[in-house]
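Welcome, and please open your viewer. We will go from stop to stop, selecting one part at a time and looking at what is there.

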Amino acid sequence: MIEVKNVSKSYGERVILNDISVSFPEGKIVALIGGNGTGKSTLLSIISRLVKKDEGEINLLNQDVFEMTHREFAKKLSILKQANHPNVRLTIRELVAFGRFPHSQGRLTATDEQKVDEGISFMRLTDIQHNYLDELSGGQRQRAFLAMLLVQDTDYILLDEPLNNLDLRHSVDIMKTLRALADDFGKTIIVVVHDINFAVSYADYIVALKNQKILYYGPTAEIIQEDRLKEIFDLEMRIISHDNCKYCIYFK
Amino acid sequence: MPQNSLLIRIFLILALFILAFISIFIGVRDISFSDINHLDDDDTLVIVVSRIPRLISILIAGVGMSVSGLIVQQIALNKFVSPTTMGTLDATKMGILLSMILFPAGGMLTKMTFSFFIALLASIIFLKIAAQIKYRSLIFVPLVGIVFGNIIAAIATFFAYKYNVVQNMEGWLVGDFSYIIKGNYEILYLAIPVVIISYLYAHKFTIVGLGEDAAKSLGLNHKQIVYLGLFLISITATVVVLTAGVIPFLGLIVPNIVSILFGDNLKKTLPYTGLIGAIFLLVCDMISRTIAFPYEVPIGLTVSIIGGVVFLGLVLKKVRYV
């Protein structure tokens, strides 16, 4: 269980997060939604220790995350940020194998190799696994990084806009994968999504951020109400139901 | 694929041995292959005191500078950063100068210590500056590094004039292996453990090249590895500049060529970088020694000309892709 207690963060005068408290339930998908600059990414970065908090506490399984060693932490929690795709000439397989680094420190055992194989085939990259990353399309590269994350095999997975660069089919694939990871493997997933309908369709809970604070937090069905969405996004939305699923319409 | 890479390695090692062997027989004193069974005392002396030390120092400098370039490129996340384009080499020169001014009687060890600390400091400052740059383009970051290096060089030159040591400075400006004889190059051996440590940490340096966030997410102590890298390259830069002088471009072009051919997985590519670096420098040295025989062109000049052309080619190729 990840617990965030009274966390605040500001850069100089600019407040990013103001006294945030939230706890993320085990084995569920939680979507973070909200407009640009509401601190969604910063919250993910603070939970994963990439950014230092000014105040507050982050606990992972009742242990302060800042007291864990780098390696210990990396075996429990992994994060994929939206921008960490530098132009490196590693093959997909080489990159994915680094996902085992927290476990094996670079010396891959047979089990590690097998996990790498699984991760690659799960992301449907087997045919191109020996291609260099800088020769791939944005979507293929994104899937390669996701495969690395899978192979890291942590109980807690944080994703910052994983659907960036992906076409519709691969976006649906990724969300289905996350669903399977939560349902079949009990992984706890926190994901920043921009498209509200992906959040509605796949997340168990929704955290809505606005004005540096948590505006709403609850089961997806509770959050998805026209008046609440208008407050979150400052945008008129209509909710329609189709085959027992809700969808938000806001394009026109 | 692994068999192929084994063949390439064997080929490179073989090429290096042959070139190294030939290079022993190049020089003002005429010693040819056929003399090898009946060398007189003078021949042996020339070989032991001058030719072999020279060969060893070229090999070490070639491997060391190339590997240094590779490591800073991983740390700075930029393929065009190298000890030459980030101020490290200028800082080593400044350190030597300062030690000459402050401790005129100090020996090699004093110079080395000074030069090492200033090189390390300059490298750290460069990284801090680079981290502040919002527009982190491939070309802009090394440009900033070159400006930074020039500022350091300008300050050093000012003090050199003030304390009348300009002529001493000149010796370190252009790399030259012709002064190397037995007894004055041995500190270069310090670069060997540096290369070995670099290889042992190859996986970690590769992960550093994925960016700070990805490295941390994989449980790497990012800061520690970055500082280790800067520590290592500062040692190499110091011992190379102190013995042979500045050898530009090597740390820049060799890792780039290797990256294009073999990728960026350091555990796999670091041996290639070292081997190709040594071969490149050795070939440049042989050209320097034969092109105006019996005189010798400073190797820094040869490396600059050949390296400059290759570098230009790389820039044009990269810019097209990025």
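**A guided tour**

Begin by colouring chain B by confidence: its pLDDT averages 88, and 95% of its residues score at least 70. Keep in mind throughout that this is a predicted model. Within chain B, look for helix α6 (residues 166-173), where confidence is lowest at a mean of 68, and then for helix α7 (residues 191-200), where it is highest at 96. The model as a whole scores ipTM 0.87 and pTM 0.89.

**Stop one: two helices in chain B**

Stay with α7(B) and add helix α10 of chain B, residues 222-243, to your selection. At what angle do these two helices pack? The angle is about 155°, and their axes lie 9 Å apart. Since angles over 145 degrees count as roughly antiparallel, α7(B) is roughly antiparallel to α10(B). Turn the view and you can follow α7(B) as it passes α10(B) in a left-handed crossing.

Now show the side chains where they meet. From α7(B), select Ala191(B), Val194(B), Ile197(B) and Ser198(B); facing them from α10(B) are Leu232(B), Ile235(B), Thr236(B), Val239(B) and Val240(B). Sorted by class, this contact has seven nonpolar residues, two polar ones and no charged ones.

**Stop two: where the chains touch**

Next, display both chains together. Here 18 residues of chain B are in contact with 22 residues of chain A. On the chain B side, the elements to highlight are α8 (202-208) and α9 (212-217), which each give two or more residues. Which element gives the most to this side? That is α9(B), with four residues. Colour the chain B side by class and you will find six nonpolar, nine polar and three charged residues.

**Stop three: the sheet in chain A**

Finally, hide chain B and select the strands of chain A in the order β6-β7-β8-β3-β9-β10: these six form an open sheet with mixed pairing. At the edges stand β6 (77-80) and β10 (213-219); each has a single partner strand, so one side of each is left without a neighbour in the sheet. From one strand to the next, the twist averages 15°.

Zoom in on β7 (residues 156-160) and β8 (residues 188-192) of chain A, which pair in the parallel sense over five bridges. Within this pair, Tyr156(A) stands opposite Thr188(A).

To finish, add helix α10 of chain A, residues 226-233, which packs on the sheet and touches β3 (29-33), β9 (205-210) and β10. The direction of this helix makes about 150° with that of β10(A).

Notes
Residues are numbered from 1 along each chain as its sequence is written. Chains are lettered from A and ligands numbered from 1 in the order in which they are written. This is a predicted model: local features need pLDDT of at least 70, side-chain atom pairs count only at pLDDT 80 or more; totals for chains, interfaces and linings use all residues. Two strands pair if DSSP finds at least two bridges between them. Axes are lines fitted to C-alpha atoms, for helices over the stretch in contact, and angles run from 0 to 180 degrees between N-to-C directions. Two residues are in contact if their C-beta atoms, placed from the backbone, lie within 7 Å. pLDDT is the predictor's confidence in each residue, from 0 to 100. Angles under 35 degrees count as roughly parallel, over 145 as roughly antiparallel, 65 to 115 as roughly perpendicular and the rest as oblique. A crossing is left-handed if the near helix is turned anticlockwise from the far one by less than a right angle, and right-handed if clockwise. Ala, Val, Leu, Ile, Met, Phe, Trp, Tyr, Cys and Pro count as nonpolar, Asp, Glu, Lys and Arg as charged, and the others, Gly among them, as polar.
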